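Please open the model in your viewer and keep the sequence panel visible. The tour below proceeds by selection, each stop followed by a description of what is found there.

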Amino acid sequence: MMPSSVLQVKRLQPELITPVKPMPQETKFLSDIDDQEGLRFQVPIIMCYKDNPSLNKNRNPVKVIREALSRALVYYYPLAGRLREGPNRKLMVDCNGEGILFVEAFANVTLEQLGDKILPPCPLLEEFLFNFPSSNGIIGCPLLLVQVTCLICGGFILALRLNHTMCDAPGLLLFLTAIAEMARGAHAPSILPVWERELLFARDPPRITCAHHEYEDVIDHSDGLYASSNQSNMVQRSFYFGAKEMRVLRKQIPPHLISTCSTFDLITACLWKCRTLALKINPNQAVRFSCLPLGYYGNAFAFPTAVSKAEPLCKNPLGYALELVKKAKATMNEEYLRSVADLLVLRGRPQYSSTGSYFIVSDTTRAGFGDVNFGWGQPVFAGPAKALDLISFYVQHKNNTEDGILVPMCLPFSAMERFQEELERITQEPKEDICKNLRSTRIMSMM
């Protein structure tokens, strides 16, 4: 492994990539889901590719991707524009064709030397996705930053930063797929993008028809580790859920939940409980969890929220948290989404609860980032590069020969140590089960 102190990344000056031909100069409104305060942030994604001479001999990934971006922006031209803010904080895209920010870079390292350092939370993210001054704002800044870093092994890393108000994970995947198809020689995307953000405008008149705990004003009585922390004390680590962890967790849930319990549900219940324990939240404090279901080119999700006092969440078996997670997911439907849009307009686009007692998870395992092929085959890794304060992502990951899920977490340092201990305890296989597994392994090896 190459230590980060030895890594040298040479970046060329950033350039603006514009659509390959002139596009309409117009203003497009975002939906009332898109422009909420809770989505006004940047999401970093990292995608790592091996050299593949049999598929792409003598082709330069920087040149290929730069040209494909320019062609794909013909179809996704709003991404080459800039956001403006109107009355009542309404966001709109000025489709002025200024372009997205693109950076060509070279690193004196191989993909093999990088090893696990490409996984979230990627410690080298600032090298592979450099934050150029004045480029990361929400209003009036490039909506997308792309850095392609060529490695000495012939592989490359594509890292990007997206203004989340423009797309959710499936929307970003549509754009990346269009770029990949253009890079492999297609003349047009196989799926043409649709704007139509008016489909998720608030109704006239707006009417809130559902309970939205995620936007309730919360007085944080937690007295916990999160409340007393600042950003410099926050740390990130990733935790892996494979076959062993899922087997142990499933043994802890009541029989009536087993048949309807998904991997997502079970991991989420486990994380919510362990996180609440780790933060030492006041037993009477309401703790909240939200999940982000997959959506379209724009943002088509809400934050259906489970709520519990900290004490029962911590003291009850895992099935308690699991049932709350399942109930929260079940509330997500078209009416809930429209009710959210109406609430956001009526209340001036509020931020979702941002106290330490609130936890958000986003499942990107089925988003399809691992299928994006620019002509060098599938990526070694592709997905979110890190957690974002209160938000964790579920990322598909192959650990040796096993497919599992990697979850980056962001917590205060002292809480992270406690979280790791709680997670190890709840996913620890009982000694008698370990002995049974060892015996069955020996029997199988003798047959």
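Begin with the open sheet of 3 strands, whose order is 3-6-5 and whose pairing is antiparallel. Select residues 26-29 for strand 3 and 82-85 for strand 5: these are the edge strands, each of which pairs on one side only. From one strand to the next, the twist averages 35°. The model under inspection is a predicted one.

Keep strand 5 selected and add residues 91-95, which form strand 6; the two strands pair in the antiparallel sense over 4 bridges. Within this pairing, display R84 and look across to strand 6, where M92 stands opposite. In general, the strands of a sheet pair through backbone hydrogen bonds, in either a parallel or an antiparallel sense.

**A loop residue beside R84**

Next, select G140, located in the loop between helix 4 (125-128) and strand 8 (144-151). Which residues does G140 contact, leaving aside its neighbours within four places in sequence? They are R82, L83 and R84. A distance label between the C-alpha atoms of G140 and L83 should read 5.4 Å, although the two residues are 57 residues apart along the chain. With a relative accessibility of 38%, G140 counts as partly exposed, because it falls between the 20% limit for buried and the 50% limit for exposed residues.

**Two packed helices**

Move to residues 243-250, which form helix 6, and residues 263-278, which form helix 8; they pack at an angle of about 80°, and their axes are 11 Å apart. Helix 6 and helix 8 are therefore roughly perpendicular to each other, as the range for that description runs from 65 to 115 degrees. To display the contact, select M246, L249 and R250 on helix 6, together with T263, L266, I267 and C270 on helix 8. Classified by residue type, this contact of helix 6 with helix 8 comprises 5 nonpolar, 1 polar and 1 charged residues.

**Aromatic pairs**

Now show the aromatic side chains; the count comes to 8 aromatic pairs. Select Y49 and F374 from among them: the ring centres lie 5.6 Å apart and the planes stand at 70°, so the pair is edge-to-face. Where in the chain do Y49 and F374 lie? Y49 belongs to strand 4 (residues 42-49), whereas F374 is in the loop between strand 13 (358-363) and strand 14 (381-384), 325 residues apart, and the pair thus links distant parts of the chain. Y49 has 0% relative accessibility and counts as buried; F374, also at 0%, counts as buried. Extend the selection to F156 and W376, which together with Y49 and F374 form one aromatic cluster.

A second pair to select is F239 with F419. Their ring centres are 5.1 Å apart and their planes are at 65°, so this pair is edge-to-face. F239 lies in strand 10 (residues 234-241) and F419 in helix 12 (residues 413-426), 180 residues apart, so that distant parts of the chain are linked. Are F239 and F419 buried or exposed? Both are buried.

**The whole chain**

Finally, clear the selection and view the complete chain, which has 13 helices and 16 strands. Colour by accessibility: buried residues account for 55% of the 447 residues. Among contacts between residues at least 6 apart in sequence, 80% join residues at least 24 apart.

Note on methods
Residues numbered from 1 in each chain as written. Heavy atoms only, no water. Pairing = 2+ DSSP bridges. Axes fitted to C-alpha atoms, helices over the stretch in contact; angles between N-to-C directions. Parallel < 35°, antiparallel > 145°, perpendicular 65-115°, else oblique. Contact = heavy atoms within 4.5 Å. Nonpolar A, V, L, I, M, F, W, Y, C, P; charged D, E, K, R; others polar. Buried < 20%, exposed > 50% of the residue type's maximum accessible area, 1.4 Å probe, protein only. Phe/Tyr/Trp six-rings, centres within 6.5 Å; stacked < 30°, edge-to-face > 60°.
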